[in-house]
Amino acid sequence: MASDKDFVQYVADQCGGAGDIVTHKMFGDYAIYCNGKIFGLICDDRFYLKPTDVGREMLGTVELHPPYNGAKDYFYIEDIDDREFVSSLVRETCIALPEPKMKKKKGK
C-alpha cells in the first residue's frame, strides 16, 4: 500500500519547524529530509523516524518497527499532531545523525 499524498504533506508540515523539509517518493512511499539529511520514512501512511539516543529520551515510550519488510527498525511515531514537539524531535534527531556522505562524481 502506498502513502497518501495528503498524509505525506501533513507530516512534512508538522516537521516544518525543524528546517527545510523535503520528501522524495521511493517505490510508492517516501523518504523525508531536513536540510538535506534523511531522517525518516513515510510508509503506508505511517511516519518512521531514524532511531537516536536523543529521540529515545524525548519520546519516553518507544515503539520500534521496520517501515517495510527487510528494513531496520525505526521509531514509529503515531502521534504527529503536536507540531512543536514533532519539529523539535526532528531537529534534535538530525543533529544526532551523521552528515550525509558526499557522492563521488561519475568517471572519477
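This passage describes the charged surface residues, the cysteines, the ion pairing and one buried glycine of a predicted model.

Acidic side chains gather at one part of the surface. A negative patch there is formed by Glu63, Glu78, Asp79, Asp81, Asp82 and Glu84. Of these residues, Asp82 can be placed in the loop that runs between strand β6 (74-77) and helix α3 (83-96). Its relative accessibility is 43%, and because the partly exposed class spans the range between 20% and 50%, Asp82 is assigned to that class.

Charge pairing was examined next. In general, side chains of opposite charge can pair when their charged atoms come close. A search of the whole structure returned 1 salt bridge. The partners are Glu99 and Lys37, whose side chains meet with an N to O distance of 3.2 Å; this distance satisfies the criterion because a salt bridge requires the nitrogen to lie within 4 Å of a carboxyl oxygen. The contact links distant parts of the chain, with Glu99 in the segment after α3 and Lys37 in strand β3 (residues 37-43), 62 residues apart. The two partners fall into separate accessibility classes: Glu99 is exposed, with a relative accessible area of 61%, whereas Lys37, at 9%, counts as buried.

The cysteines were then considered. A disulfide is a covalent bond between the sulfur atoms of two cysteines. The search of the whole structure found 0 disulfides. For Cys15, the closest cysteine sulfur belongs to Cys34 and lies 8.1 Å away, so the separation is too far for a bond. For Cys34, the closest cysteine sulfur is that of Cys94, at 4.4 Å, and this distance is likewise too far for a bond, because the two sulfur atoms of a disulfide must be within 2.5 Å. Cys15 is buried, with a relative accessible area of 0%. Cys34 also counts as buried, at 4% relative accessibility.

Strand β3, which contributes Lys37 to the salt bridge, also contains Gly40. Gly40 is buried, its relative accessible area being 0%. The C-alpha atom of Gly40 is separated by 8.9 Å from that of Val90, although the two residues stand 50 residues apart along the chain.

Technical notes:
Residues are numbered from 1 along each chain as its sequence is written. This is a predicted model: local features need pLDDT of at least 70, side-chain atom pairs count only at pLDDT 80 or more; totals for chains, interfaces and linings use all residues. Side-chain values use heavy atoms; hydrogens and water are left out. Patches are made of residues with over 30% relative accessible area and no salt bridge: like charges are joined within 9 Å, nonpolar side chains (Val, Leu, Ile, Met, Phe, Trp, Tyr) within 5 Å. Accessible areas come from the Shrake-Rupley method with a 1.4 Å probe; for residues, only the protein chains shown count as cover. Lys and Arg count as positive and Asp and Glu as negative; His and the chain ends are not counted. The place of a charge is taken as NZ of Lys, CZ of Arg, CG of Asp or CD of Glu. Helices (H or I, at least four residues) and strands (E, at least two) are DSSP runs, numbered from the N terminus. Buried means under 20% relative accessible area, exposed over 50%, partly exposed in between (1.4 Å probe, protein chains only).
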